[in-house]
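Q: I should be grateful for a close look at a single part of this structure. Please begin with the term that is needed to describe how far a residue is covered, and then set the part in its wider context.

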Amino acid sequence: MMLPPREVRDEHGRWRVRRAWPSSNGCDLEVVNTDGRLRAGRLRDDRVELLADGRDKHLPALARAWSTGTTVSWRRGRRVVLRAHDGSGYVKVVRSDSLAAITRAHDRAESFRGGFVTPDVTLLDVAGCVHLSRVDGRTLHDLGADPGTPDAVVQAAWDGWARGWERVLAAPVAADTTVHTAAAETEILLRWRDHAVRAGAEPAVAAAFDRAAEALTVDAGAATAPAHRDLHDKQVLWDGHRAGLIDLDTAARAEPALDLANLRAHVAWRRGQGRLSPARAVGALAAIDRVAARSHVDPARIAAYEASTRCLLYTSDAADE
């Protein structure tokens, strides 16, 4: 696959490419400089175009929100997350046509609140800003990557997630919750495959996508559980007593294997990045597998969704994902 450059330059200096996503017309980039300043851009026809600070034509509300916080993430044309300068929470800037779906997802987060502290929507701006309260703690990613944090603390955090997730899988799902089926997940996978092929992916990469898509549709299970749909180690926080869960924008009802597989794949990804030691990775996987066994989640479905996540992680070139 044709990978994006590791760094780019413009009139403001040198930028490290932190994340990249293949798209229908090139590759979306998130870049950061040595001061931690974030910007978004695009790689198209071997040319890099970076957006100016606070400017994204598909996110007009960003210009007004820009000065209120520090940019945490920015995907061109999709969304920007800002950490409020006063420490009260976060501002999520999205397309105005996405606003209703995001707020509905947060409104339906009751299934997660039995096991986790979750953010509240504190203010809604119809122009495209969602203000969210802060959830205290450090992410599983940061705890696991920190050599100064004792192994026992890291394991306690994963065990805290596990207790919370067992409660989530046992919780009822609201009748009007959006259903995300294996077929819908397969559509996403094949769309990413097509983006990867256009970006120059080798035939072996496309074949891996096809195998993963076929596995998802064979003996698909019912969408019976509350699902985060983007569960990974940067979405779970631990304050020493209770786990928190953030970024509920895509909350839905799905197969219980989906989230467990996504988290499993990210543990392996962190191990490969060197951000999670072998011992810590073993402990994290044991916590995930314990939840799966106690909640009677089919191991074959976990394997199918895990193969899908591996394909998506590879083609996103998610250095900091």
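A: A residue counts as buried if its relative accessible area is under 20%, as exposed if it is over 50%, and as partly exposed in between. With a value of 25%, Ser-98 is therefore partly exposed. Ser-98 is placed in the loop between strand 8 (89-94) and helix 2 (99-107). The model in which these values were computed is a predicted one.

The part chosen for the close look is the surroundings of His-228. This residue belongs to the loop that runs between strand 12 (225-227) and strand 13 (236-238). The relative accessible area of His-228 is 0%, which is under the limit of 20%, so His-228 is buried. If residues up to four places away in sequence are left aside, His-228 touches Phe-112, Trp-165, Gln-235, Leu-245, Ile-246, Asp-247, Leu-248, Thr-250, Ala-251 and Asp-259. With Ile-246 there is also a polar contact: a polar atom of the His-228 side chain lies 2.8 Å from the backbone oxygen of Ile-246.

Two of the residues touched by His-228, Phe-112 and Trp-165, lead to an aromatic cluster. Its members are Phe-112, Phe-116, Trp-158, Trp-161 and Trp-165. The model has five aromatic pairs. One of them joins Phe-116 and Trp-165, whose ring centres are 5.9 Å apart and whose planes meet at 65°. An angle over 60 degrees counts as edge-to-face, so this pair is edge-to-face. The pair links distant parts of the chain, 49 residues apart: Phe-116 is in the loop between helix 3 (110-113) and strand 9 (121-125), whereas Trp-165 is in helix 5 (residues 151-170). Both rings belong to buried residues, because Phe-116 has a relative accessibility of 2% and Trp-165 has a relative accessible area of 0%.

Another residue touched by His-228 is Asp-259, which is among the buried residues of helix 8. That list also includes Leu-258, Leu-260, Asn-262, His-266 and Arg-270. Helix 8 covers residues 257-273, and at 1.5 Å a residue its 17 residues should span 24 Å; the C-alpha atoms at its ends are 24 Å apart, so the two values agree. Gly-274 follows helix 8 and has a positive phi, near 80°.

Helix 9 (residues 278-294) may be described in the same manner. Its 17 residues should likewise span 24 Å, and its end C-alpha atoms are 24 Å apart, so here too there is agreement. Among the buried residues of helix 9 are Ala-284, Ala-287, Ile-288 and Val-291. In an α-helix there are 3.6 residues a turn, so residues three or four places apart point the same way. Just after helix 9, His-296 has a positive phi of about 60°.

A sheet completes the account. Five strands form an open sheet in the order 1-2-3-4-5, and the pairing is antiparallel. Strand 1 (7-10) and strand 5 (47-50) are at the edges with a single partner strand each, so one side of each has no neighbour in the sheet. From one strand to the next, the twist averages 40°. Strand 3 (residues 26-32) and strand 4 (residues 38-44) are joined by six bridges in the antiparallel sense. Val-31, for example, has Arg-39 in strand 4 as its bridge partner.

Conventions:
Residues are numbered from 1 along each chain as its sequence is written. This is a predicted model: local features need pLDDT of at least 70, side-chain atom pairs count only at pLDDT 80 or more; totals for chains, interfaces and linings use all residues. Side-chain values use heavy atoms; hydrogens and water are left out. Two strands pair if DSSP finds at least two bridges between them. Helices (H or I, at least four residues) and strands (E, at least two) are DSSP runs, numbered from the N terminus. Axes are lines fitted to C-alpha atoms, for helices over the stretch in contact, and angles run from 0 to 180 degrees between N-to-C directions. Rings of Phe, Tyr and Trp (its six-membered ring) pair if their centres lie within 6.5 Å; planes under 30 degrees apart count as stacked, over 60 as edge-to-face and the rest as tilted. Buried means under 20% relative accessible area, exposed over 50%, partly exposed in between (1.4 Å probe, protein chains only). A polar contact is a pair of N or O atoms within 3.5 Å; within protein, one must be able to donate a hydrogen and the other to accept it, and residues adjacent in sequence count only if both atoms are side-chain atoms. Contact means heavy atoms within 4.5 Å. The expected span of a helix is 1.5 Å times one less than its number of residues.
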